[in-house]
Amino acid sequence: MSQDFSAAELTGMRTAHTSHLQDTYVPQVYSRTFDAFGQEVVTYTDGAVADCALDMRPGSERHGEDSTKIQYDATLRIAITATPDVKDRVMVTHRFGEVLATSLVYEVAGPIQCGPSGIQLLLRKVET
């Protein structure tokens, strides 16, 4: 059963969602090139700083037709206007308005989950 929301309802949900994003992150956009020897070189370019909500509780979910199990270390809620890609990384720089001594870097661990009010990413910690 699908739920159709009015424009006012969507606006209200999105406003409520973004008002609860108390952390800050920098999207790190994936790209790859090849060096002179034909070896792949992967880089991540920092995007614009944005608000987010990091939940550091690990978990697992099953996805796809074959119910592939995805283990994740955290989830990240971001604005519906964001344009993440499953190859990107995120660097969380602030928690609850406070600068982190060491930023937390995560890669996207599963499919991007987009709802009517925002986007949720399943994350796996990257050791830096």
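In this predicted model, the side chain of Gln113 makes a polar contact with the side chain of Glu61, at 3.1 Å. Let's look at where Gln113 sits. The residue belongs to strand E9, which covers residues 113-114. Leaving aside its neighbours within four places in sequence, Gln113 is in contact with Glu61, His63, Gly118, Ile119, Gln120 and Leu122. Arg77 gives another view of the fold: Gln113 and Arg77 are 36 residues apart in sequence, and their C-alpha atoms are 9.5 Å apart in space.

**Buried or exposed?**

Relative accessibility is a handy way to place a residue. Here are four residues side by side.

| Residue | Relative accessibility | Class |
|---|---|---|
| Cys52 | 0% | buried |
| Thr24 | 15% | buried |
| Gln113 | 21% | partly exposed |
| Cys114 | 58% | exposed |

Why does Thr24 count as buried? Its relative accessibility is 15%, and buried means under 20%, so Thr24 falls into that class. Gln113 has a relative accessible area of 21%, and the range between 20% and 50% is called partly exposed, so that is the label Gln113 gets. Cys114, at 58%, is exposed because the cut-off for that class is over 50%.

Cys52 and Cys114 bring up another topic. A disulfide is a covalent bond between the sulfur atoms of two cysteines. How many disulfides does the model have? The count comes to 0.

**Around Thr24**

Thr24 is found in strand E1, which spans residues 23-34. Not counting residues up to four places away in sequence, Thr24 touches Val49, Ala50, Asp51, Cys52, Met91, Val92, Thr93 and His94. One of these contacts, His94, leads us on to the next strands.

**Strands E7, E8 and E10**

Strand E7 (residues 89-95) pairs with strand E8 (residues 98-108) in the antiparallel sense, over 6 bridges. Within this pairing, His94 stands opposite Val99 in E8. What do E7 and E8 form together? They make a hairpin with 2 residues between them, and Phe96 in the turn has a positive phi of about 55°.

E8 is also joined to strand E10 (residues 118-125) by 3 bridges, and these two strands run antiparallel. Here Val108 has Leu123 in E10 as its bridge partner.

**Aromatic rings**

Finally, a look at the rings. Lys125 lies over the face of Tyr106, at 5.8 Å from the ring centre. As for rings that pair with each other, the structure holds 1 aromatic pair. Such a pair is described by the distance of the centres and the angle of the planes.

Key:
Residues numbered from 1 in each chain as written. Predicted model: local features only at pLDDT ≥ 70, side-chain atom pairs only at ≥ 80, totals over all residues. Heavy atoms only, no water. Disulfide = S-S within 2.5 Å. Buried < 20%, exposed > 50% of the residue type's maximum accessible area, 1.4 Å probe, protein only. Helix = DSSP H or I, 4+ residues; strand = E, 2+ residues; numbered from the N terminus. Contact = heavy atoms within 4.5 Å. Polar contact = N/O pair within 3.5 Å; in protein donor to acceptor, adjacent residues only side chain to side chain. Phe/Tyr/Trp six-rings, centres within 6.5 Å; stacked < 30°, edge-to-face > 60°. Lys NZ or Arg CZ within 6 Å of the ring centre and 35° of its normal. Pairing = 2+ DSSP bridges.
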